[in-house]
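Student: I should like to understand how descriptive terms are justified from a structure. May we work through some examples?

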Amino acid sequence: MAKENDIKKHYQNWKNHTVAKGTSRFPERKKNFKTTSGIPIDTTYFPREDPRETYLEKLSFPGTYPFTRGIQPTMYRSRLWTMRQYAGFGTAEESNKRYKYLLQQGQTGLSIAFDLPTQLGYDSDDPRSEGEVGKVGVAIDTLKDMEILLDGIPLDKVSTSMTINAPAAILLAMYILVGEKQNVPREKLRGTIQNDILKEYVARGTYIFPPKPSLRIITNIFEFCSKEMPNWNTISISGYHIREAGANAIQEIAFTMANAIEYVKSAISAGLDVDTFAGRLSFFFNAHNDLFEEVAKFRAARRVWAKIMKEKFGAKNPRSMMLRFHTQTAGSTLTAQQPDNNVIRVTIQTLAAVLGGTQSLHTNSKDEALGLPSEESVRIALRTQQIVAHESGVANTVDPLGGSYYIEYLTDEIEKRVWDYLTKIEKMGGVIKAIESGFIQKEIQDSAFEYQKEVESGERIIVGVNKFRIEEEPKDLEILKVKPEVRIKQIEKLQEVKKNRNNSAVEEKLKQLKACAENENKNLMPPIIEAVKEYATIGEICGVLREVFGEYKENIVI
Amino acid sequence: MNELVEGIISGNTRAISKAISLVENDGPDKIELLKEIHRYVGESVIIGITGPPGAGKSSLINVLIKEYRKQGKKVGILAIDPTSPFTGGALLGDRLRMQDHSTDENVFIRSLATRGHLGGISLATSDAVKILDAAGFEIILLETVGVGQAEIEIVEASDIVLLVLVPGYGDEIQVLKAGIIEIGDIYVINKADQMDATKLKTTIEYYLELSPDKNANHRKVVLTSSLTGSGVDSLIHEINSTYNFFRKKGILNERRKTRIRKEILRILNSRILESINQTFNGRNFDSSINKILNKKIDPYTIADSIFEEMKKRSQT
Amino acid sequence: MGYLEKFLGNTRKTLLYRGIREMNKKVRILIAKPGLDGHDRGAKYIARALKDAGYEVIYTGIRQTPEAIVKTAIQEDVDFIGLSLLSGAHNELFPRVTELLKKHGAEDIIVFGGGIIPEEDIPFLKSKGIKAIFTPGTPIRDVIDFIESQKEAKNNE
């Protein structure tokens, strides 16, 4: 093509003369520029291919395959993303108040954070729960707590996201039963459970059972929901925590996709048709500081997923090929030094998520490197989203950065490198093998170590941390504190429930649950719902499952 | 010192761990301590566990501990990891797979770094073994990573050696090539839930049949899974019967004698070098080195003259 | 340095291999994660960076009880314990570690902590025997300086 050669010739010329002349007077700041994931960055970009030839195949229009530019045709022109602030702390009563406050402030969805004992299937009175009850989220022991938590919140109107993995089935059961008490049938309930155990093994650490039974539980949920809860997102396959653990943008997408492939495979091998469940799979990603790389990351992820579903799994329904995702701004970028600076970081990350076409977004609060966020800082975080949505104008057209030479270059590069990882993992025998051998953990840790080294050496500048530092007064930030009394209160409540429930019915239901767990071909959801209904505790239910399934031991590679 | 010895004999954790530090650091009281405890040593069964990285040695040890604890036995574990030759630092992460037993009074786990002594670690390791032995640990498990020279020396500190392998990583070829297979008394194919395990078992058994070693046909191959704990009981059974076989045939005694012989040699070796160091302290050998470099003289002649001078000095 | 070291220069390791071993007390550090949170990025980074700084580092993995941590520290005869916690349970769990050390007569082991720890909690933790708290963004140099100064103070005792 004469035209193309023409551009290339000009480029060489420009580089050899104009740039050389310029840099002789003003040398570039660094010898090599690269993105956070190490993709080299050139001085500038130019059309490297004729868009008329590749546009439809690589980008096409929003809402059409391969969905690079967005999964809906009109995106935010029709409906803005869901602003969903992750919250929860202390007792169910306190969290209920915070949810009502957030809904009043214009938040459009709930996002429930659970404390660690709940996430690990321990009751509040378990010795291992010491110091942890109500700390990073709300403490839930029985259905009773869930009733209090959602009191006065109309479950037919809000959609609820629950960050719960190993015991996801139990919390889902509780949600269904609270819905029933509000006269909302389960098919009308809208929301998401995280339910993504594979990333727990490599990044977040709140696993209970080994991979095999864990995948069974997940598949059971897929099957149950495909029949009974058509509006429920059965899983939120999460790159967020992989990124927080230190992975770069490419690894975040690659390892998340590898996990997703495993879930789809295990559902298919359990006899489910791909199009019956794939439309309810959702994703959860991180929005980091490297603005353009992040935007490109989201676009590349959509294209990769569409191809995986269509080409690898033969999905027919376009909905099965759409990558729908929630985004949270990167917690690990927040600094304890000069915490006000975090507001600016979160703003950039918000832009990344929105320009990348997210379906919902949580923005972190400026004080989260110091402790739980105060009400005021949560409000600022929410206001950041609202300003981007309503004042910046970036939501007025779909994929505004599409066609930028730089963005398309990065999108292609990320996609290519993601495929390289996926091929490698496939060759290892799949993601579970890659986890068991420690490959994925090692990759993440090496990236984390490199990143930190760059910060330590000053090669990577973090404002206020390794440059532009100031002597800071002791911060008088108003940090939310969870009082130690929470555990005592929670234990009292638990004892009360245990006294008033039908204990022989609980025992009976737990026995049935155990029998079900021992039979691989049965779905665990119905007996879990039965046990929850009788106010069996999370600790009791997980105890039964631990007995049958055993516990996972971490495979540490440092 | 007496306090420390009493502490060890009575099984006091702090005393044991301080004593191990003493031998590791080559502290001034080390020799005295080792002399003192010698009469309490010799009761433990010392099991060396080696194999390539990623074979699941630590997880296997975790389930072995569990089984031995069920039998009421006290178990001591020494996990040896390499020191970085560049920084002198070490990251000791093996015990984390054994943390199930971290609060059990009758389980003592200690991580040792090789500290750049290369094979020299074997001296510290066998001293540490003696301390655990004197402290009444009936079973002592020695774990080493990899299959290098240092590992072989550590293996020599054991009564019985388990070689842990995992199928599917191409290790079998490596192991056969390197002749490492000779060091195992029992072959453990871990993660036996994998299909290739049986294939690997056949390969090893075939190899053992061909082996010129007359005891080779007593060597057993055991399949285990440290995930489910399956096969561990039969592994322990094999350990016991091999141990008894060794005892009956005098192999155990032979091994212990070899160990003592080597130990004396190592001690002497270090003494002699130390005394050379003292005798010639401060003397400059640059001219000799230059002479050797310029082929005026050879290193043997230089060594001879040092040795002769040493002998003369020790006579006076 | 004795003549032999000079003589042998870089081949010293070969000599050590043959059995001479110097007095070689190494600083040993236990990096431990009490509590239930699984965010081990910081703990692993510290472990690796301290190893690179020449220390012997023992890492326990996540979800360790204070009892297990203290037991491990004693068996490993460490000089320092670094506790990493991000869940907010530090006021309960850090003091528990120092209490148990005292109970076992091992209060000479120096304890420091890191993680998301509000400034207002630091005086309390220090009063419970936690010698230093490192919040996010602390350069590794600070941790090493702390270890070195504590080591020196201990040697001068």
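Student: Why is the sulfur of C225(A) not in a bond with the closest cysteine sulfur?

Tutor: This is a predicted model. In it, the sulfur of C225(A) lies 15 Å from the closest cysteine sulfur, which belongs to C516(A). A disulfide requires two cysteine sulfur atoms within 2.5 Å, so a separation of 15 Å is too far for a bond. For C516(A), the closest cysteine sulfur is that of C542(A), at 14 Å, which is again too far for a bond. Over all chains, the structure holds 0 disulfides.

Student: What makes C225(A) count as buried?

Tutor: Buried means under 20% relative accessible area. C225(A) has 2%, and is therefore buried. C516(A), with 7% relative accessibility, also counts as buried.

Student: Why are helix 6 and helix 8 of chain A called roughly parallel?

Tutor: Their axes come within 10 Å and cross at roughly 30°. Angles under 35 degrees count as roughly parallel, and the two helices are therefore described in that way. Helix 6 of chain A contributes A168(A), A169(A), L172(A) and I176(A) to the contact, while helix 8 of chain A contributes I217(A), I221(A), F224(A) and C225(A). By class, this contact has 8 nonpolar residues, no polar and no charged ones.

Student: In helix 3 of chain B, K30(B), L33(B), L34(B) and I37(B) are buried. How do you know on which side of the helix they lie?

Tutor: They cover an arc of only 95° around the axis, and this places them on the same side of helix 3 of chain B.

Methods
Residues numbered from 1 in each chain as written. Chains lettered and ligands numbered in written order. Predicted model: local features only at pLDDT ≥ 70, side-chain atom pairs only at ≥ 80, totals over all residues. Heavy atoms only, no water. Buried < 20%, exposed > 50% of the residue type's maximum accessible area, 1.4 Å probe, protein only. Helix = DSSP H or I, 4+ residues; strand = E, 2+ residues; numbered from the N terminus. Arc of directions from axis to C-beta. Axes fitted to C-alpha atoms, helices over the stretch in contact; angles between N-to-C directions. Parallel < 35°, antiparallel > 145°, perpendicular 65-115°, else oblique. Contact = heavy atoms within 4.5 Å. Nonpolar A, V, L, I, M, F, W, Y, C, P; charged D, E, K, R; others polar.
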